[in-house]
Amino acid sequence: MAEVNLRKVIKRYDEVEAVRGIDLDIADHEFVVLVGPSGCGKSTTLRMIAGLEDISGGDILIGGDVVNDVPPKDRDIAMVFQNYALYPHMTVAENMSFGLRLKRYPKAEIKSRIDEAARMLDIVELVDRKPKQLSGGQRQRVAMGRAIVRNPKVFLFDEPLSNLDAKLRVQMRIEIKKVHQKVRTTTVYVTHDQVEAMTLADRVVVMNHGRIEQIGTPTELYHHPATRFVASFIGSPAMNFIPCQLEDAAGKPQVRISDKIAFPLPAARAARYQKIPRTDKLLLGIRPEHITEASAHSEPGVESFDAVLDVTEPMGMETLIYFTLQGAQVCGRVNPNAGAQDGAPLRLAVDLNNMHLLNEVTGAVL
Amino acid sequence: MSTLTIDKAGPTRKVKYGSMSRDRAWALRWSYFFLILFAIFSLVPPLYMLITSLKSSAEISAATNPWWVFHPTLSNYIELLTSNQFLRFFWNSAMVAIIVVTITMLISVPAAFALARMKFWGSATLATGVFLTYLIPDSLLFLPLFKMLVLVGNWTGIQLINRWYVLLFIYPTLTVPFCTWIMIGYFASIPKELDEAAIIDGASWFQTLTRIFIPVALPGLIAATIFAFTVSWAQFLYPLVFTTSTDQLVLPVGIITTLIKGDVFNWGQIMTGALLGAAPPLIIYAFLMDYYIAGLTAGATKG
C-alpha cells in the first residue's frame, strides 16, 4: 500500500491537451474518486497512473518513487476495467491467479489467496466456471478478485459499474465499499456518475476540460462548491441557478430576482456578500431541497414567494416541482401532501441560509 | 427458444410474430432450394469421379451408361496405392503442406499480433501492404520467382530448382499474407482491455500473445491453418514450374504428368488419384471444423 502523487501531469495527443497539468496527492489507504463528464480527462489520468498511457509532462509518484518510465507490471498496481476484461478461455480461478502464476508464486500461496478473495467476494462456488457462464455482477466480482489476489499498492477502477443495471450497480457499490474497508488498499476510482462518487469516496476530485475543478470530501463539495461546474455537477436534481442582483434596501442587502420578488439576506450571508459590487450580474444558486412548500410559521432566513408550477413529478416520498423564474427553470422538492399540481399556483419557501451567490461571467462561487 | 416466446406472447402480439415466422418460413424455403441446388452442383463432379474410379479402362471406353458401374473393381486403387511413384507424390505433398503450414503460422501469427496491437510508425500501411501482396496472382509471380531462384543458385551454388523443398520457400508468398490478414482481423476483435489487463498482470508481449491472444483467437488460427493447408496441398502452377523430376513432384502435378502419357488418358487412375488426393483435406476439414465450432460456442451455454 502506498500514497500516489501527481505533479503537474500533462497528457497531450498531437495538438489536443487531454490533461492540462494536474496536481493531486492521494494518501495511503485513501479512496479517491475522479469524476467528471466524458472527455474531462479522468480516464486518461487513471491510465497514466496505471502506465497504460505515457505522460507528456510532469511526474507520477507511487509510494514516493517516480514511476514515469516504469512499465505497468512493475508499478505494483491492479486495475478493474469497465468491461471486466476477464480472460475468456480461463476459469475464474485461473483468471484470478494469472498474475501470480506469471510471477511464479508457490501453488499453495496462490490457492490460499484465491480462496481468501473468493470468500471475501462471495464467489467461492464460481471458481471453476468460465467467464461466459457468469452474470455481469459475478464477472465484476471476479475482476475485483483478480485485483485483490495481487495485493497491490494501488487499486485502479475504470468505471467498473457502468455496464451493470441500476439495481446491481447499487449493490456492487456497497460491495466495493466493503472490500475497501477490509483491505484498505489505496484506491483511485473513475466514474462519470456523481452518485457513485459521493457514496464511495473519502475524497472526490471533480474534473472538467482536463483540469481539476475542486477536490474535497463529498459533503464539502455538496455544501461548498467552488465553481458553477461543481455546483451543477454534484447533486441530483442539480442546483438551480437564478439570475439575480444584489441591492440595498434600507441599509440591508437583499437579492433581487424580479420586480416583484426580492429576498433579504440572512445576517451571516449579508456579511459575506458585503463587498460584492452591486452592479455585478449574479446567479442565485439554490439546491432543490431548499425550495419547499411555505409553512405556517416563519423561520429566520426562510423567505416565501408565489409561483405557478409548470410540471410536477411525484416520487412517492416527495414531489419534484418545476417552475420558471426569470427565464430559468427552477426545481424544488415539496411534501407529497402539499397539493402541488401541474399548472397550479403554490406558495413556496426558499431557505437562504443554504444559498450560494455565483458570478455569472466567471462562474465562481462567491 | 423463439417458439417458446411466441407461445407466451399475448393474442395481439401473436399476429405480429406469426407474420414474422411466415417470412422466416419463406426465407427458409428459398435457402433450402438454393442450398440443395448448390450441393448438387458441387457434389456431382466428385460423384462422377468416384463412379469412374471404380471402373476398368475397358468399361470406361465402352459406350454404356456413364453414371452406373456394371463391373465394379478396385484395381485402380490397388495399382495406385502399390505404386512407389504415387506414394512418393503423396509423401512430397504431405511434407510440403505440413512444413508450409508450420512456417506460415510461425510468421503470420506474431506478424499479425504486432500489426494489430503494437502501434508503431507505418503499422497501418504495412497491414494493408501485407494484404496487397496477396492480390498479386501467382501466374504473374512465377517467372520472377524462377529467375530469383536461378540467380540464388548461380551465386551460392545451392541448387533449389527441381527440388521438392523449393516449394517451402515459394508457398509462403501465398499463405503468409493471407493468414496474417485473417489473424489481424481476429486479433483486432479482441478487446484492448484484455491485453491491458495482461500487461498489468505482468505478462510480456510474448506471454500476452501465447497465453491470451492465441487461445482466444483459436477459431481464427484454425481457419488460417485450414487455408494454408488447402493452398499448399492444391497449388498447381508453382510445382509445375519449379519441379520436373518425377521423384520431386507433388500430387496434383504428379497425377497429371505421369498418368497422361502423350494423348493416352488413364481416366480410371486419374480419377482415383484425384479422389485419394482430396481425402487428406477432407479429413482435416472434418476434424478441425468440429474443433472450430466447439471453439466458437465453448462456454456459451450454462452447464
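**Reading strands, helices and chain contacts**

Analyst: Let's start with a single pair of residues: A:Thr312 has A:Ile321 as its bridge partner in β17(A). Keep in mind that we're looking at a predicted model.

User: Okay, how do I go from one pair to a pairing of strands? How many bridges are there between β16(A) and β17(A)?

Analyst: The general idea is that strands of a sheet pair through backbone hydrogen bonds, either parallel or antiparallel. Here, β16(A) and strand β17 (residues 319-325) of chain A are antiparallel, with five bridges between them. They make a hairpin with four residues between the two strands. In that turn, A:Gly316 has a positive phi of about 105°.

User: What else does β16 of chain A pair with?

Analyst: Strand β16 (residues 302-314) of chain A also pairs with β19(A), in the antiparallel sense, over seven bridges. You can pick out two of the residue pairs: A:Phe305 stands opposite A:Leu348, and A:Asp306 has A:Arg347 as its bridge partner.

User: And which residue of β19(A) does A:Glu293 stand opposite?

Analyst: A:Leu348. We've just met A:Leu348 opposite A:Phe305, so to speak a residue worth clicking on. The strands behind the A:Glu293 pair are β15 (residues 291-293) and β19 (residues 345-351) of chain A, antiparallel over three bridges.

User: Now whole sheets. In what order do the strands of the five-stranded open sheet come?

Analyst: To read a sheet, walk across it from one edge to the other. In this one the order is β13-β12-β11-β14-β20 (chain A), and the pairing is antiparallel. The walk begins and ends at the edge strands, β13 (262-264) and β20 (356-359) of chain A, each of which pairs on one side only. Ignoring direction, neighbouring strands here are turned by 40° against each other on average. For a close-up, take strand β12 (residues 252-256) of chain A and β13(A): they run antiparallel and are joined by three bridges. A:Val255 has A:Phe263 as its bridge partner there.

User: Which strands are at the edges of the four-stranded open sheet?

Analyst: Same walk, another sheet. The order is β2-β1-β4-β5 (chain A), again with antiparallel pairing. Its edges are β2 (16-26) and β5 (65-66) of chain A. Strand β1 (residues 4-13) of chain A pairs with β2(A) in the antiparallel sense over eight bridges, and one residue pair to find is A:Tyr13 with A:Val16.

User: What's going on with the backbone at A:Asp14?

Analyst: A:Asp14 has a positive phi of about 50° although it is not a glycine. You'll find A:Asp14 in the loop between β1 and β2 of chain A. While we're on backbone details, A:Ser236 and A:Pro237 are joined by a cis peptide bond, with omega of about -5°. A:Pro237 lies in the loop between α8 (228-233) and β11 (240-249) of chain A.

User: How is chain A divided into domains?

Analyst: There are two: domain 1 (4-229) and domain 2 (240-359). Their C-alpha centres lie 40 Å apart.

User: On to helices. At what angle do α4 and α5 of chain A pack?

Analyst: For a helix pair, look at the angle, the distance between axes and the residues that meet. Helix α4 (residues 136-149) and helix α5 (residues 166-183) of chain A pack at about 20°, with axes 11 Å apart. Angles under 35 degrees count as roughly parallel, and therefore α4(A) and α5(A) are roughly parallel to each other. Their crossing is right-handed. On the α4(A) side, the residues that meet α5(A) include A:Met144 and A:Ile148; on the α5(A) side, A:Leu168 and A:Val179 are among them. This contact divides into six nonpolar, three polar and no charged residues.

User: Last one: how many residues of chain B are in contact with chain A?

Analyst: With an interface, count the residues, then see which elements supply them. Here 17 residues of chain B are in contact with 20 residues of chain A. On the chain B side, the elements giving two or more residues are α10 (192-200) and α11 (205-216). The largest share, six residues, comes from α10(B). By type, the chain B side splits into 10 nonpolar, three polar and four charged residues.

Note on methods. Residues are numbered from 1 along each chain as its sequence is written. Chains are lettered from A and ligands numbered from 1 in the order in which they are written. This is a predicted model: local features need pLDDT of at least 70, side-chain atom pairs count only at pLDDT 80 or more; totals for chains, interfaces and linings use all residues. Two residues are in contact if their C-beta atoms, placed from the backbone, lie within 7 Å. Ala, Val, Leu, Ile, Met, Phe, Trp, Tyr, Cys and Pro count as nonpolar, Asp, Glu, Lys and Arg as charged, and the others, Gly among them, as polar. Axes are lines fitted to C-alpha atoms, for helices over the stretch in contact, and angles run from 0 to 180 degrees between N-to-C directions. Angles under 35 degrees count as roughly parallel, over 145 as roughly antiparallel, 65 to 115 as roughly perpendicular and the rest as oblique. A crossing is left-handed if the near helix is turned anticlockwise from the far one by less than a right angle, and right-handed if clockwise. Two strands pair if DSSP finds at least two bridges between them. Domain bounds come from an automatic or database domain assignment.
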